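This report introduces one protein structure to a reader who has not met it before. Please look over the sequence and the model before reading on.

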Amino acid sequence: MNSKETGDRIKIAVQKSGRLTEHSMDLLVRCGLSYSRGKDRLICYGENMPIDVLLVRDDDIPDLVQEDVCDLGIVGLNIIEESALALRADGASRLFDQVATLDFGQCRLSFAVPRGTPYRDAGSLAGKRIATSYPRTVSDYLERNGVDANVVVFSGAVEIAPSLGRADLICDLVSSGETLKAHDLQEVATVLESRAALIRTPVELAPAKARWVERLLQRIEGVLQVKESKYIMLHAPRAALKEITALLPGSEAPTIMTLEGTDDKVAVHAVCRENVFWETLEQLKEVGASSMLVLPVEKMLA
Ligand code: ATP
Ligand code: ZN
């Protein structure tokens, strides 16, 4: 039976074209997925796993997952939060699950005022007109801080609202801060720290699908761990073992092996869950380590 037709396949919603697209596809490829792109270029068909990728606008991803059109979705926490607030306000009984946070798409949702405007704390927002594409998140923030202000919804180009006289300040996504600078705006407070995350349908999956999702989640966890991890091998004087293992960044119990023909030296092998920098190697050398080798880790499964 060809599972392509049976609805047994997992559908993942990914941003069609934008800041998250390349990272999202790269993550899936690192999880072992190889795919071919459909003629309409809106679906990528997994060739070696029962997984298909739907390419959509990022704003549509939470709803697609909430409505079980897709089983999984990769989207920013900023969009997740805004959608979750909308769904809760609409009385949704069960919400999509956030199952993992990922290591890309970092940005923050921040208030920014025209340079020189005084700002002390949330109280300074009282009575102001705030332009944003995240009205629910901003309103929720205002409510939590007991502040009354006017939220003006902009679907794009939020940063031009103050110079157009449409708002007193903005609340928008910032990463480097260059866009704000170019519009003479100054970041004053952060509402939300965001990064990409993986969400899952609120509907229970059939067992075969559930197993694949579980498998994919494990692989994603492995991919995230592996990126920083290094395998380190070195020779160490037995007497300096304690000092040496203490210097290995983020390593669990290292493997100690005897070296043929010597009693006072051993070989140490360890997985370091953090990058190993030259400085660390130099410190290791100082306490007696030699023949050091640092290797990238390709795959990891706990
Ligand atoms: P779409 O056409 O899919 O709606 P978009 O224009 O809304 O695209 P992008 O600008 O590609 O979206 O941003 C996608 C996501 O990338 C954001 O929702 C956010 O999570 C993340 N991101 C990271 N850094 C930034 C940034 N500096 N500005 C905007 N978004 C950022
Ligand atoms: Zn969008």
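## Charge and surface

In this predicted model, the protein carries 35 positive and 44 negative charges, and the mean positions of the two sets are 3 Å apart. The protein exposes about 16600 Å², of which carbon and sulfur atoms supply 48%. Of the 302 residues in the protein, 43% are buried.

## Overall form

The protein contains eight helices and 16 strands. Along the principal axes, its C-alpha trace spans about 80 × 60 × 35 Å. The radius of gyration of the protein is 25 Å, whereas a compact globule of 302 residues would have a value near 19 Å.

Contacts across the sequence are also described by a single figure. Among contacts in the protein with a separation of 6 or more, 68% are between residues 24 or more positions apart.

## D52 in strand β4

Strand β4 covers residues 51-56, and D52 is found in it. Is D52 buried or exposed? D52 counts as buried because its relative accessibility is 8%, and the cut-off for a buried residue is under 20%.

The side chain of D52 is joined to the side chain of R9 by a polar contact of 2.8 Å. Neighbours within four places in sequence being left aside, the residues in contact with D52 are R9, I10, K11, I12, I43, C44, Y45 and G46. R9 therefore appears both in this list and as the partner in the polar contact, while D52 itself counts as buried at 8%.

## Helix α4 and its cover

Helix α4 runs over residues 135-144, and its buried residues are P135, T137, V138, Y141 and L142. An α-helix has 3.6 residues a turn, so residues three or four places apart point the same way. P135, V138 and L142 are among the residues of α4 that are buried.

Which elements cover the buried residues of α4? The cover includes helix α3 (77-89) together with the strands β7 (107-114), β8 (129-132), β9, β10 (169-174) and β11 (185-194). Just after α4, G146 takes a positive phi of about 60 degrees.

## V151 in strand β9

V151 lies in strand β9, which comprises residues 150-153. With a relative accessibility of 27%, V151 counts as partly exposed, because that class lies between the cut-offs of 20% and 50%.

Apart from its neighbours within four places in sequence, V151 is in contact with I130, T132, P135, V138, S139 and L142. Of these partners, P135, V138 and L142 are buried residues of helix α4, and strand β9 is one of the elements covering the buried residues of that helix. V151 and L173 are 22 residues apart in sequence, and their C-alpha atoms are 16 Å apart in space.

## Positive phi values in two loops

Two residues other than glycine deserve a separate note. D68, which is not a glycine, has a positive phi of about 65 degrees. D68 is found in the loop between helix α2 (61-66) and strand β5 (72-76). Its relative accessibility is 31%, so D68 counts as partly exposed.

A157 is likewise a residue other than glycine with a positive phi, in this case near 45 degrees. A157 lies in the loop between β9 and β10. The relative accessible area of A157 is 41%, which means that A157 is partly exposed.

How values were computed: Residues are numbered from 1 along each chain as its sequence is written. Chains are lettered from A and ligands numbered from 1 in the order in which they are written. This is a predicted model: local features need pLDDT of at least 70, side-chain atom pairs count only at pLDDT 80 or more; totals for chains, interfaces and linings use all residues. Side-chain values use heavy atoms; hydrogens and water are left out. Helices (H or I, at least four residues) and strands (E, at least two) are DSSP runs, numbered from the N terminus. The radius of gyration is taken over C-alpha atoms; the globule rule is 2.2 Å times the number of residues to the power 0.38. Buried means under 20% relative accessible area, exposed over 50%, partly exposed in between (1.4 Å probe, protein chains only). Contact means heavy atoms within 4.5 Å. Accessible areas come from the Shrake-Rupley method with a 1.4 Å probe; for residues, only the protein chains shown count as cover. Lys and Arg count as positive and Asp and Glu as negative; His and the chain ends are not counted. The place of a charge is taken as NZ of Lys, CZ of Arg, CG of Asp or CD of Glu. A polar contact is a pair of N or O atoms within 3.5 Å; within protein, one must be able to donate a hydrogen and the other to accept it, and residues adjacent in sequence count only if both atoms are side-chain atoms.
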